[in-house]
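User: I would like to learn how to read a model like this one, feature by feature. Could you walk me through it, starting with the surroundings of the ligand?

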Amino acid sequence: MASPHTTQTSVPRCALVTGASTGLGAAFATALARRHYDVILVARHQARLEALATTLQQQHGITATVLVADLTDHEALRRVERHIRQDEALTLLVNNAGFGTIGPFATRDLDQEEAEIRLNVVALVRLTHAALPGMIARDHGAILNVSSISALLPGPYHATYGATKAYINSFTEALHEELRGTGVRVQTLCPGFTHTEFQQRAGVNTSHIPRFAWMTAEAVAEIALDALPRGRVVCVPGRLNRLVAFLLGVVPRTVVRRITGRLASRVLE
Ligand SMILES: NC(=O)c1ccc[n+]([C@@H]2O[C@H](COP(=O)([O-])OP(=O)(O)OC[C@H]3O[C@@H](n4cnc5c(N)ncnc54)[C@H](OP(=O)(O)O)[C@@H]3O)[C@@H](O)[C@H]2O)c1
């Protein structure tokens, strides 16, 4: 079985990245173009996607295709699914699009909570389902699901977000076992604080978060892509995040809940 990153002259390599207009998705698309993947860029903001596509084509000589889609929209999601099913060159799917909501659940806008589940979970599940049969038939491919370190703990004041990410980890680890013996790999990526538009969109007050806790989107994307051919199913990028993940595994859940509730209440605006 060829690794998703090995250079193959006979098999063209193509990656579809959701949420590619900015942040981690744009960093993934750039890192993949540097590795000579053709890329399909999916998000809502057409101008941003087209600007990135032009830059990647000029700088790396690859083909970059833009698919404008709101993945919380039923019809738009079906359109991306069809594109994936028909693309026989698709080697890598990066399910990256996602957003977070913050605040006491009881007072949150319920439609926004539902949209969060539709984007972070439903779109990821449907796109994975669209990609897998072709990858399994070709005995080659990978799916990289962007989760969060929030998946590893109950998240007071971001209850829906943490639960969507816990779903991604459980789902991806289960698929990993189902796909044993095939040439298809899956990874759930669990970043911590990463410099993107995520916190601003979620309305998180980042002034209490120490500088050393942050990573760049570029570093996170590189670590995830390097881990993929090594078959690491749960990828926690960065030493500090790995330490946190380790502690979350040994400290009693009741203590973790209390501490995260206190810390999370400090970043509410
Ligand atoms: N940044 C962090 O600290 C952090 C930590 C852990 C995990 N993550 C995860 O990393 C992933 C990427 O987030 P980010 O940090 O790069 O945030 P970001 O800078 O806000 O980017 C989010 C991306 O998702 C796209 N998107 C949002 N809603 C969409 C929709 N309805 N349909 C299609 N695309 C949509 C956005 O593009 P458009 O607005 O153009 O649609 C954008 O490209 C998310 O899954 C997030 O949960 C982030």
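User: Which helices each supply at least two residues of the shell around the ligand?

Analyst: To read a shell, ask which elements its residues come from. In this predicted model, helix 1 (23-34) and helix 6 (198-202) each supply at least two residues. Helix 1 gives the most, with 3 residues.

User: Which residues come nearest to the ligand?

Analyst: Of the 30 residues around the ligand, G19, G23, R44, G98 and T196 come nearest.

User: And how do the residues of the shell divide by character?

Analyst: Sort them into classes and count. Here the shell holds 11 nonpolar, 14 polar and 5 charged residues.

User: Let me stay with helix 1. How many of its residues are buried?

Analyst: Burial is read from neighbour counts: a residue with 20 or more other C-beta atoms within 10 Å is buried, and one with 12 or fewer is exposed. In helix 1, 11 of the 12 residues are buried, so the helix is largely enclosed by the rest of the structure. The buried residues include G23, L24, F28, T30 and L32.

User: What does helix 1 reach from its first C-alpha to its last?

Analyst: Compare the end-to-end distance with what the residue count predicts. Helix 1 reaches 17 Å over its 12 residues, close to the 16 Å expected at 1.5 Å a residue. Helix 8 (residues 239-250) can be read in the same way: its 12 residues should span 16 Å at 1.5 Å each, and its end C-alpha atoms are 17 Å apart, which agrees.

User: Is helix 8 largely covered or hardly covered?

Analyst: Helix 8 is hardly covered, with a count of 1 buried residue among its 12. For helix 1, that count is 11 of 12.

User: What should I look for where a helix ends?

Analyst: Check the backbone angles, and take note of positive phi in residues other than glycine. Just after helix 1, H36 takes a positive phi of about 70°, although H36 is not a glycine. H36 is found in the loop between helix 1 and strand 2 (38-43). It is partly exposed, since 13 other C-beta atoms lie within 10 Å.

User: Where is D139, and what is its phi?

Analyst: D139 sits in the loop between helix 4 (110-138) and strand 5 (141-146). Its phi is near 55°, again a positive value in a residue other than glycine. D139 counts as exposed because it has 12 C-beta neighbours inside 10 Å.

User: How do I read pairs of residues that are far apart along the chain?

Analyst: Set the separation in sequence beside the separation in space. H74 and A123 are 49 residues apart along the chain, and their C-alpha atoms are separated by 9.2 Å. H74 lies in helix 3 and is exposed, with 12 other C-beta atoms within 10 Å. Q86 also has its place in helix 3 (residues 74-86). Q86 and A131 are 45 residues apart in sequence and 9.3 Å apart in space, C-alpha to C-alpha. Q86 counts as exposed because it has 10 C-beta neighbours inside 10 Å.

User: Where does F212 lie, and how far is its C-alpha from that of A264?

Analyst: F212 lies in the loop between helix 6 and strand 8 (215-216). Its C-alpha is separated by 18 Å from that of A264, 52 residues away along the chain. F212 has 8 C-beta neighbours inside 10 Å, so it counts as exposed.

User: Now for the whole chain. How many helices and strands does it have?

Analyst: The chain has 9 helices and 9 strands. Its radius of gyration is 18 Å, close to the 18 Å that the globule rule gives for 269 residues, so the chain is as compact as a globular protein of that length. The C-alpha trace spans about 55 × 40 × 35 Å along its principal axes. Of the 269 residues, 41% count as buried. Among contacts between residues at least 6 apart in sequence, 70% join residues at least 24 apart.

User: Where does pLDDT stay under 50?

Analyst: Look at the average, then at local stretches. The chain averages a pLDDT of 94, and 96% of the residues score at least 70. Over residues 1-10, pLDDT stays under 50, and the model has 16 contacts beyond four places in sequence for them. Where pLDDT is low, predicted coordinates should not be read in detail.

Conventions. Residues numbered from 1 in each chain as written. Predicted model: local features only at pLDDT ≥ 70, side-chain atom pairs only at ≥ 80, totals over all residues. Helix = DSSP H or I, 4+ residues; strand = E, 2+ residues; numbered from the N terminus. Rg over C-alpha atoms; globule rule 2.2 N^0.38 Å. Contact = placed C-beta atoms within 7 Å. Near = placed C-beta within 6 Å. Nonpolar A, V, L, I, M, F, W, Y, C, P; charged D, E, K, R; others polar. Expected span 1.5 Å × (residues − 1). pLDDT = per-residue confidence, 0-100.
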